[in-house]
Structures are given as structure tokens and as C-alpha cells.
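Subject: A structure to look at, with some notes

Dear colleague,

I am passing on a structure for you to open and turn around before you read further. My notes on what was found in it follow below.

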Amino acid sequence: MDLAKIKEILSCHGVIAFPTETVMGLGVNYDDFEAYTKLNIIKRRPSDKPYTLLLADKNDLEKYAFISEKTKRIVTRFMPGPLTILVRVNNHVPGYVHHDTGVIGIRVPNHQICQDILKYNGKPLLVPSANKSGEPPCLTYKEVENVFGNEIDYIVKADSGMQKPSTIIDLSCDNIKLVREGGIPFEELLKEFNK
């Protein structure tokens, strides 16, 4: 994996594919509208469906979102890991990223390759799973090559953790709501939230 090349591709509106601890992901710089548009085209994704913001470090969460005390407890215990939290954004996040809803999904991956890319790149990525809209996510880089061919600018030649997708919880109001059960049981999250 060539981190310098990945950073250069991302800075030139490129789309990359890489493994996470769950499935293969696609990524673009979060503040690059041109790359975001390209990503929608490649995925054939409806433009009203937002992407997850991937951060290198859970301590960066408050740079992009408002984090309550209860949310902090969840973050401290379960991040990094297969958890996506829906939280209220602050004004560092462009409107197109959250479709002017004021809410975004944020994840801190527990995967060395992801961490290396995010840290070297120096800014968060918008990351959906690597698949065409409505199709199952790719689990290996070979599957990504077969599905996307040369539509993607760089594919990291490593495979995902091939686990369930991340659990998604909504923490954007004062309560906790399950959006999708995945790698972390909702019961555990609920317990932590209600401590």
C-alpha cells in the first residue's frame, strides 16, 4: 500500500477502496464535493442517502459533531470498533455531507489499514461500503476489482475483516435508538447509555 499515492489521489478528487474490520469500503475526502459526486455515480446511489464519516481518532469527534455526556460514554467504551453513531454535526461539516439534516453517521474503525490511511491523509473520509447500490458489500479486494473495474482510482490489495456490518445507533436527540444491529449488540450499547 502506497500511502503517499493514496493521499495524492484523494487530494485530486479520487475514489479509493480499502478494507475495514467489517466489509470493504470506498472513500473520498469529506470536504471534496467533486469526489462526493463521483462516488454517487460509481455506487449508483440516490443522492439523498448520506455516507458515513470515518475518523482516525475518537478524540476528533468533537471537531465535527456535538457529543453529549451519554454519547461520550458510548464512544469511550465502543470506539474504535464496528459502531456508527448518528450525531448532530457542527459547522465544520459541509451541508451536502449530511444533506442539510444536521445529522451525520460517524465511525472510528478498529483496523490498521484504515487507521494508517486516515492518519496519513490528515482528514476524515466519507465512506460507504464497496458495492453498487442495492447489492451486497464486497468482502475482498478481488470482488471490488470485479464490481468496479477501473471506475476506482486506487484499490488497497487486502481483504476486509468479513464481519457483520457496523451497528448503527441514533444519538442525535436525547435518547438512543437502534437503526441497524451489526457487530455490537444493541443491548450492550443501551446498558452503557443508561448508566
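Please keep in mind from the start that this is a predicted model.

I would begin with strand β5, which runs over residues 103–107, and with its two neighbours. On one side of the pairing list, β3 (residues 52–54) joins β5 in the parallel sense over two bridges, and there you can find Leu54 standing opposite Arg107. Strand β4 (residues 83–88), by contrast, pairs with β5 in the antiparallel sense over five bridges, and in this pair Ile85 stands opposite Ile106.

Is β5 covered or not, and which way do its residues point? The strand is mostly covered, since five of its five residues count as buried. Val103, Gly105 and Arg107 point one way from the strand, while Ile104 and Ile106 point the other way, and all of them are buried.

The next thing to look for is the largest pocket, which has a volume of about 740 Å³. Its lining is made up of 32 residues, and those that lie nearest its centre are Arg45, Thr52, Pro128, Ile168 and Arg180. Strands β2 (24–29), β3, β4, β5 and β9 (177–180) each supply at least two residues of this lining, and β5, which you have already met, gives the most, with four residues. Sorted by kind, the lining residues divide into 14 nonpolar, twelve polar and six charged.

Two helices are also worth your time. In helix α1 (residues 3–11), the residues Ile6, Ile9 and Leu10 are buried. They lie on the same side of α1, because they cover an arc of only 95° around the axis. As a general point, an α-helix has 3.6 residues a turn, so residues three or four places apart point the same way. The buried residues of α1 pack against β1 (16–19), β2, α6 (112–121), β6 (125–127) and β7 (154–155).

Helix α7 (residues 141–148) can be read in a similar manner, with Tyr141, Val144 and Phe148 as buried residues. These cover an arc of only 50° around the axis, which puts them on the same side of α7. What do the buried residues of α7 pack against? Their partners are β1, β2, α2 (33–43) and β7. Just after α7 you will come to Gly149, which takes a positive phi of about 55°.

With best wishes

Technical notes: Residues numbered from 1 in each chain as written. Predicted model: local features only at pLDDT ≥ 70, side-chain atom pairs only at ≥ 80, totals over all residues. Heavy atoms only, no water. Buried < 20%, exposed > 50% of the residue type's maximum accessible area, 1.4 Å probe, protein only. Pairing = 2+ DSSP bridges. 1 Å grid on protein atoms, 1.4 Å probe; cavity = no way out; pocket = protein on both sides within 12 Å on 5 of 7 lines; lining within 4 Å. Points joined across faces, edges and corners; volume = space filled by probe spheres on them. Nonpolar A, V, L, I, M, F, W, Y, C, P; charged D, E, K, R; others polar. Arc of directions from axis to C-beta. Contact = heavy atoms within 4.5 Å.
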